[in-house]
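Here's a quick tour for anyone meeting this structure for the first time. Have a look at the sequence and the model, then read on.

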Amino acid sequence: MRHVPVLSGLLGAVALSPLLAAPEPSASRAPGDPSAALNAAAAAAGGPAAGTRVLSYRGVRFPVPEGWAVHRLDRDPNRCVRYDQRAIYVGTPGPRPDCPARVVGGADVLRIEPLPGGAAAAPGRSGPRSGATRLARFTVERTTDHRTRVAVPEAGVRLVGAYGPDPSDVEDLIRSVKIDTGWDPDDPVPDPVPAPVPAPAPTSDPVPDGAPAAPGPEPAEKPTGPPAGEGNEKAWAVGKGFDACTAPSISAMRAWRRAFSVSNMYIGGASRGCAQPNLNRKWVRAVRKMGYRLIPTYVGLQAPCSRYRTHFTAKNAAKEGRKAAVDAVRKAKALGVPERKPLYFDMEAYDSRKKSCRRAVLRFLENWSRKTASLGYVPAVYSSVTSAIRDLVRATDVLQPDAIWFAHWDGKKSLYNHPAIPDHRWHPHRRIKQYRGGHKETHGGVTINIDSNNVDGRVY
């Protein structure tokens, strides 16, 4: 549902410094859209729409649409920045966010954070008016990972948006941002300014992430040989593993090292559930130096018969599978994951009884595997034994992934003798089992919400 009425023509009664003109309506909005009439009425009344708040942060101000929660990370640094609930996050995530183990994204989210690596231009300089005009006309380009980023140096901030099937609401929210020309970088950060009519209590959490590498040219395809380890390192690992929605801090990983030898890392995708404030090349190098092996996982578009909002269709399954592989390879390279290492696609549970959906998933995964291999990496798949894993086992006419990570929360660590997966498939050293779902564990004085895994499979 579009939440357009609160996004334009709303600031007439709010006493702000000279700000940019009201944002233009989205080009995608059809003529005669009733939201236009509502906006016009609000503007004519000389005040914001009922239930609207105005949020101020550093050098920007904008109306908060009804139904969007606002979370101040500077006051609540342990809050998890999530992509599964519509919200606005203000500030920088802390190093130890308290995230649930299993979250799948797809909500509209916006994060406003200090611009990395640079201070804002002095107030009144560098043409804030030009920056304002740029935002008023900003267009969210559709991307494979459903993320958009725009720097606002005039205000000393960066806007990071995540969107579900349609980017229109996030685009409208960004277009509604006003630049405060009187902002001083040394001023304290004010609280959100309440509108004359108090907003109803917002729902709860959600949101985006940092800035993965900008899209570039598609990596060149190349022939690949069998998986190989780095130096004397084996291409697989055997041991106890865990996966968390967001990469733990380096200190937390150090505290957990005696209990675990393998950790997952969610490298990207339109359905990734949590922001990754810790995940970068430095983190990857540091935890591998501790002795960890890593499971690079990409959470892209989901099955059309799943419960998730961001999904591919039977018509575009092959194309989207290839696009996911290209984006995953890009993000793996940005993190320093070398070629001939596995990349797991996370296909969450779906209703595999629906034949057309099942065929679409297999077509998607076959193209994921083919493209991933052609780009020099080892194609692998994570899913439930009741959906994609079972469907891959039964399929005789599709290219299979080289390794699997299967979810069966029966509390048993056994990787073989499973009724859904014949022992001769993905053997040897090609299996990981997620045998227990989300729960909290404490090691070395650090508590994290995780899923538990038994590993004898391909890892980095």
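## L365 and the nonpolar cores

Let's start with L365, in a model that is predicted. Leaving out residues up to four places away in sequence, L365 touches F345, M347, V381, A388 and L392.

L365 also belongs to the largest nonpolar core, which has 62 residues. Together with W283, F312, M347, V361, W368 and I421, L365 is among the members that touch the most others in that core. There's a second, separate core too: 26 residues, with I88, I112, V170 and I179 among them.

## The barrel

Which strands close into a barrel, and in what order? There are 8 of them, and they go round as 9-10-11-12-13-14-15-16, with mixed pairing. On average, neighbouring strands in this sheet are turned by 35 degrees against each other, ignoring direction.

Strand 9 (residues 236-243) is a handy place to pick up the trail. Strand 9 pairs with strand 16 (residues 446-458) in the antiparallel sense, over 8 bridges, and A237 stands opposite G457 in strand 16. Strand 9 also runs parallel to strand 10 (residues 262-268), joined to it by 2 bridges; here F242 stands opposite S263.

Further round, strand 14 (residues 403-407) and strand 15 (residues 431-443) form a parallel pair over 4 bridges. One spot to look for is A407, whose bridge partner in strand 15 is Q434.

## Helix 7 and what it lies across

Now find helix 7, residues 355-374. Which strands does helix 7 lie across? They are strand 11 (293-298), strand 12 (342-346) and strand 13 (378-384), and helix 7 runs at about 150 degrees to strand 13.

## Helix 6 meets helix 7

Two packed helices are described by the angle between their axes and the distance between the axes. For helix 6 (residues 317-334) and helix 7, the axes come within 7 Å and cross at roughly 35 degrees. The crossing of helix 6 past helix 7 is right-handed.

Who's involved in the contact? On the helix 6 side you'll find A317, A318, E320, G321, R322, A324, A325, V326 and A328. They meet A360, R363, F364, N367, W368, K371 and T372 of helix 7. Sorted by type, the residues of this contact come out as 9 nonpolar, 3 polar and 4 charged. W368 turns up twice in this tour: in this contact with helix 6, and among the residues with the most neighbours in the largest nonpolar core.

Terms used:
Residues numbered from 1 in each chain as written. Predicted model: local features only at pLDDT ≥ 70, side-chain atom pairs only at ≥ 80, totals over all residues. Heavy atoms only, no water. Axes fitted to C-alpha atoms, helices over the stretch in contact; angles between N-to-C directions. Left-handed = near helix turned anticlockwise from the far one by under 90°. Contact = heavy atoms within 4.5 Å. Nonpolar A, V, L, I, M, F, W, Y, C, P; charged D, E, K, R; others polar. Pairing = 2+ DSSP bridges. Core = buried A, V, L, I, M, F, W, Y, C linked by side-chain atoms within 4.5 Å. Buried < 20%, exposed > 50% of the residue type's maximum accessible area, 1.4 Å probe, protein only.
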